Amino acid sequence: MLSRFLLYGCTGWVLEVLFTGTGAAMKRDRSATARTYLWMHPIYGGTALALEEVSARLKPLPRPLRALAYTALIFAAEYGTGWALKRLLGRCPWDYSPHRWSVHGLIRLDYAPAWYLTALLFEPVRDALLHVTSDALRHTPEYRQAEEAGTLPEGALPEGTPEEAGVVARRFEQAQAESASLH
């Protein structure tokens with residue numbers, strides 16, 4: 001989970017840099033100056049982990065409907081974390097107050113299409129990150145040792161089902177911990 005949190009946070013930073021840099025370039029900033037905040041990494045990472053949980057519950061719904069739910073969760077996370085940062089720091093690092101579609105300066109409703117597009121991309125990004133993290137697990141000394149010893153959990157890191165890779169990785173880590181406690 002920690003690796004996904006870190007990767008989601010970095011993915012969010014990259015998306016924000018692309019979004020703000022493109023916006024600056026469209027406003028005739030020839031250097032396409034992009035902007036983000038250190039606070040955004042844990043916000044993006046935590047929000048994406050929450051989206052994973054929501055995704056599992058909404059699996060039977062069509063993807064466009066799931067993306068609408070994800071968009072609402074993204075707005076709620078942005079508003080809630082902005083409000084908390086305002087209380088903690090005395091101000092929110094982002095301030096949308098001057099904008100027409102701003103809600104308390106914490107979110108911009110005119111960003112709904114961008115957040116919806118991000119929400120549509122969430123599941124493919126999640127699947128790619130789960131594949132990367134499960135593939136990385138295969139290259140750890142602990143995994144190789146368990147493989148050599150024949151102590152891998154049943155169905156460890158199944159191919160073709162990246163959404164299960166995180167579950168399998170946790171199962172592998174638990175099996176390792178149990179094996180270590182027995183020896």
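Arg108 is buried, with a relative accessible area of 12%. In this predicted model, the residue pairs with Asp110 in a salt bridge whose closest N and O atoms sit 2.6 Å apart. Asp110 itself is partly exposed, at a relative accessible area of 33%. Here, then, a buried arginine meets a partly exposed aspartate. Side chains of opposite charge can pair when their charged atoms come close.

That pair is one of 5 salt bridges in the structure. Another joins the side chains of Arg66 and Glu123, with 2.7 Å from N to O. Arg66 belongs to helix H3 (residues 63–89) and Glu123 to helix H4 (residues 112–138), so this bridge ties together parts of the chain that are 57 residues apart in sequence. Both Arg66 and Glu123 are buried.

The bridge between Glu53 and Arg57 stays inside a single helix. Its closest N and O atoms are 3.6 Å apart, and both residues lie in helix H2 (residues 40–58), with 4 residues, or about one turn of the helix, between their positions. An α-helix has 3.6 residues a turn, so residues three or four places apart point the same way. As for solvent, Glu53 is partly exposed, with a relative accessible area of 47%, while Arg57 is exposed, with 64%.

Stepping back to the whole chain, the secondary structure comes to 6 helices and 2 strands, and reading along the sequence gives the pattern α-α-α-β-β-α-α-α. The chain has 183 residues, of which 34% are buried. Among contacts with a separation of 6 or more, 59% come from residues 24 or more positions apart. The chain exposes about 11,400 Å², and carbon and sulfur atoms supply 63% of that area.

Helix H1 opens this run of elements, covering residues 2–26. With 25 residues, H1 reaches 36 Å from its first C-alpha to its last, close to the 36 Å expected at 1.5 Å a residue. Its buried residues are Arg4, Tyr8, Gly9, Gly12, Glu16, Gly21 and Ala24, a list that takes in Arg4 and Glu16 along with several glycines. After H1 comes Arg28, which has a positive phi, near 70 degrees.

Now for the inside of the fold. In soluble globular proteins, nonpolar side chains tend to be buried together. The largest nonpolar core here holds 24 residues, and those touching the most other members are Tyr8, Met40, Tyr70, Trp94, Trp115 and Phe122. H2, H3 and H4 are the elements that give two or more residues to this core, and H2 gives the most, with 7.

Two residues show what the packing looks like at close range. Trp94, one of the core residues just named, has a long list of partners once neighbours within four places in sequence are set aside: Tyr37, Met40, Ile43, Glu78, Thr81, Gly82, Leu85, Gly105 and Leu106. Met40 is thus a contact of Trp94 as well as another of the core residues that touch the most other members.

The second is Arg126, placed in helix H4. Arg126 is buried, with a relative accessible area of 7%. Leaving out residues up to four places away in sequence, Arg126 touches Tyr8, Glu52 and Ser55. Of these partners, Tyr8 is among the buried residues of H1 and also appears among the core members with the most contacts to other members.

Notes. Residues are numbered from 1 along each chain as its sequence is written. This is a predicted model: local features need pLDDT of at least 70, side-chain atom pairs count only at pLDDT 80 or more; totals for chains, interfaces and linings use all residues. Side-chain values use heavy atoms; hydrogens and water are left out. A salt bridge is a side-chain nitrogen of Lys or Arg within 4 Å of a carboxyl oxygen of Asp or Glu. Buried means under 20% relative accessible area, exposed over 50%, partly exposed in between (1.4 Å probe, protein chains only). A nonpolar core is a set of buried Ala, Val, Leu, Ile, Met, Phe, Trp, Tyr and Cys residues joined through side-chain atoms within 4.5 Å. Contact means heavy atoms within 4.5 Å. The expected span of a helix is 1.5 Å times one less than its number of residues. Accessible areas come from the Shrake-Rupley method with a 1.4 Å probe; for residues, only the protein chains shown count as cover.
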